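User: I'd like to learn how to read a model like this one, feature by feature. Could you walk me through it?

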Amino acid sequence: MEQVFHWCNKCDQEIKFNRNKDFEIRNEALEFKGEIIFVEVKKPICPKCKEEIFDEKLANETMKKAVKLWEKQTGRKFK
Ligand SMILES: [Zn+2]
């Protein structure tokens, strides 16, 4: 169990967020340097109201995944 506290704007209070289950899997189109890639991302959601919230760790995971896919798709180095 990986639990942290996050602020939820909709609930207007701090909520307990569990990184292992409080998320939705969504497919998102992201654009980097003119290339569009489709990434399956974990969107953090508030366990109380199901509103999307921000979680740094999940955001970083998404970014890493996106960069890998981008490099695979373009055959270039991202940086
Ligand atoms: Zn909430």
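Analyst: Happy to! Let's start at a turn: in the hairpin of S3 and S4, two residues sit between the strands, and Lys33 has a positive phi near 50°. Keep in mind that this is a predicted model.

User: How do the strands S3 and S4 run, and how many bridges join them?

Analyst: They are antiparallel: S3 (residues 23–32) and S4 (residues 35–44) are joined by 10 bridges. You can follow the register through individual pairs. Glu31 lies opposite Ile36 in S4, and Glu28 has Val39 of S4 as its bridge partner.

User: What should I know about side chains in a strand, and how many residues of S3 are buried?

Analyst: The general idea is that side chains in a regular strand alternate between the two faces of the sheet. As for S3, this strand is hardly covered, with zero buried residues among its 10.

User: And is Ile53 buried or exposed?

Analyst: A residue is called buried when 20 or more other C-beta atoms lie within 10 Å of its own. Ile53 counts as buried because it has 22 C-beta neighbours inside 10 Å. Ile53 is found in the loop between S4 and helix H1 (56–74).

User: Which residues is Ile53 in contact with, leaving aside neighbours within four places in sequence?

Analyst: Those contacts are His6, Cys8, Pro44, Ile45 and Cys46. For a backbone distance, take Phe23: 30 residues separate Phe23 and Ile53 along the chain, and their C-alpha atoms are 9.4 Å apart.

Notes
Residues numbered from 1 in each chain as written. Predicted model: local features only at pLDDT ≥ 70, side-chain atom pairs only at ≥ 80, totals over all residues. Pairing = 2+ DSSP bridges. Helix = DSSP H or I, 4+ residues; strand = E, 2+ residues; numbered from the N terminus. Buried ≥ 20, exposed ≤ 12 C-beta atoms within 10 Å, placed from the backbone. Contact = placed C-beta atoms within 7 Å.
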